[in-house]
Amino acid sequence: MNSAGEPLTHSGRDDVRIMTLQAHILEEQAHQPLAGGTFSWILSALSISAKIIADKVRRARLENVLGSIGTENIQGEVQQKLDVIANEVLLRTLGGREGVAIVASEENEEPVILRDDRHGIPRYCVLFDPLDGSSNLDVCGGVGTIFSILAHDGRAQRAEDSLLQAGARQVAAGYVLYGSSTVFVLTLGRGVDMFVLDPSVGAFMRVERNLRIPSGNKTYSVNEGNRRSFPDGYKRYLDWAQDNGYSSRYAGAMVADVHRILLKGGVFLYPPTSKSPQGKLRLMYEANPMAMLVEQAGGKTMAGPGQRIMDIQPTAIHQRTPVVLGATDQVDAVLAHLASA
Ligand code: AHG
Ligand code: MN
Ligand code: MN
């Protein structure tokens, strides 16, 4: 019974139902044109990876201290940086799933082609940034994992060409934020749902359905240290924002910044700079999955005036793109300044 005296199992109300990520995926399967069980196994690999990486992140400092006598651990293995470890975890969990054709990681020069028989079951490509914002680890700041899933195109000439699909063709995207709690945010193209890891149960529990980005939040998120080398339109926007009572929030990890924007509104920018004329962020591992989540939550995501991020036709898996994303009203305010002479 809940506090209103209703039986928990029959009310159907979200606030009284206990729903794990696993159960959510099974429930969603019925509404998806995706390859049922195959696809669920991929998401379960991502969920397990998230739990393993969350544990490694929590223990990072302790293990550094314990292992600090040399650079090798007790088995004689060289101690690795956590982004290499996170990458290994994802490659190993996804590698065992029949439904995964190709994995591509920000940490690997080349994609890994796992299965390319072309006539078997429908398969998927999984692209990821294993540890986003890893410099925050040293200071106990938020870090994350970002992933994007595409249907494998068996007709592509070379298997790896099947990765070069515009973001609009993603079938799922999400991120895990390893912050004060571990949060898994997922879209399967029918809205955005949020789960929090309950460490005592060992499962991600659904805490929000169909997240919508609030409008009217006067907050921008950008590395203002680069301001001098931004194109003029971005400088005009920042002048305007500062004249109009905006606040600045920048975590140094896209996952943490986008998470705040999904829950509270505002805008995130990574403009072109003289050092990185295409911006710093990667289209396939960072911009596209975040764009799908933000648009599914009612927001807007652009690479510049007239260029929606998810319409960019990729030509290389590691290519970069400028990013403006967030609540539609706040992105429009940026675009208005980019367009003005
Ligand atoms: P990564 O740690 O995967 O390389 O990504 C860091 C990214 C992103 O998370 C963040 O928004 C941005 O780089 C921060 O870059 P600056 O330090 O240039 O602001
Ligand atoms: Mn990153
Ligand atoms: Mn990274």
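This section describes a manganese site, a set of salt bridges and a helix packing in a predicted model.

The manganese ion (ligand 3) is held by three protein donors, namely Glu-106 through OE, Asp-129 through OD and Leu-131 through O. These donors lie 2.3 to 2.4 Å from the ion. Along the sequence, the donor residues of this manganese ion (ligand 3) follow the spacing E-x22-D-x1-L. A further manganese ion (ligand 2) is found 3.8 Å from the manganese ion (ligand 3), and Asp-129 coordinates both. Asp-129 and Leu-131 are each buried.

Charged side chains were examined next. In total, 16 salt bridges were counted in the model. One of them pairs Arg-209 with Glu-27, with 4.0 Å between the closest N and O atoms. Arg-209 is located in the loop between strand S8 (203-208) and strand S9 (219-221), whereas Glu-27 belongs to helix H1 (residues 21-29), so the pair ties together parts that are 182 residues apart in sequence. Both partners are partly exposed: the relative accessible area is 32% for Arg-209 and 30% for Glu-27.

A salt bridge also links the side chains of Arg-308 and Glu-295, at an N to O distance of 2.9 Å. Because Arg-308 lies in strand S13 (residues 307-308) and Glu-295 in helix H6 (residues 283-296), this pair ties together parts that are 13 residues apart in sequence. Arg-308 is partly exposed, at a relative accessible area of 26%, and Glu-295 is likewise partly exposed, at 24%.

In another salt bridge, the side chains of Asp-332 and Lys-300 meet at 2.6 Å, N to O. Asp-332 is part of helix H7 (residues 328-339) and Lys-300 is part of strand S12 (residues 300-304), so the contact ties together parts that are 32 residues apart in sequence. Asp-332 counts as partly exposed at 32% relative accessibility, and Lys-300 is partly exposed with a relative accessible area of 25%. Salt bridges that share partners also join Glu-27, Glu-28, Arg-190, Asp-193, Arg-206 and Arg-209 into one network. The Arg-209 and Glu-27 pair described above is thus set within a network that includes Glu-28 and Arg-190.

Helix H7, which contains Asp-332, also contains Val-334. In contrast to the partly exposed Asp-332, Val-334 is buried, its relative accessible area being 0%. Apart from its neighbours within four places in sequence, Val-334 is in contact with Tyr-237, Val-267, Leu-269 and Val-324. The C-alpha atom of Val-334 is separated by 9.5 Å from that of Gly-304, a residue 30 positions away along the chain.

The packing of H7 against helix H4 (residues 232-243) was then considered. Two packed helices are described by the angle between their axes and the distance between the axes. The axes of H4 and H7 come within 7 Å and cross at roughly 130°; the two helices are therefore oblique to each other. H4 passes H7 in a right-handed crossing. On the H4 side, the residues that meet H7 are Gly-233, Tyr-234, Arg-236, Tyr-237 and Trp-240. Their counterparts in H7 are Ala-333, Val-334, His-337 and Leu-338. Val-334 and Tyr-237 thus take part in this helix pairing, and these two residues are in contact with each other.

Notes:
Residues numbered from 1 in each chain as written. Chains lettered and ligands numbered in written order. Predicted model: local features only at pLDDT ≥ 70, side-chain atom pairs only at ≥ 80, totals over all residues. Heavy atoms only, no water. Donors = N, O, S within 2.8 Å, 3.2 Å for Na, K, Ca; no water. Buried < 20%, exposed > 50% of the residue type's maximum accessible area, 1.4 Å probe, protein only. Helix = DSSP H or I, 4+ residues; strand = E, 2+ residues; numbered from the N terminus. Contact = heavy atoms within 4.5 Å. Axes fitted to C-alpha atoms, helices over the stretch in contact; angles between N-to-C directions. Parallel < 35°, antiparallel > 145°, perpendicular 65-115°, else oblique. Left-handed = near helix turned anticlockwise from the far one by under 90°.
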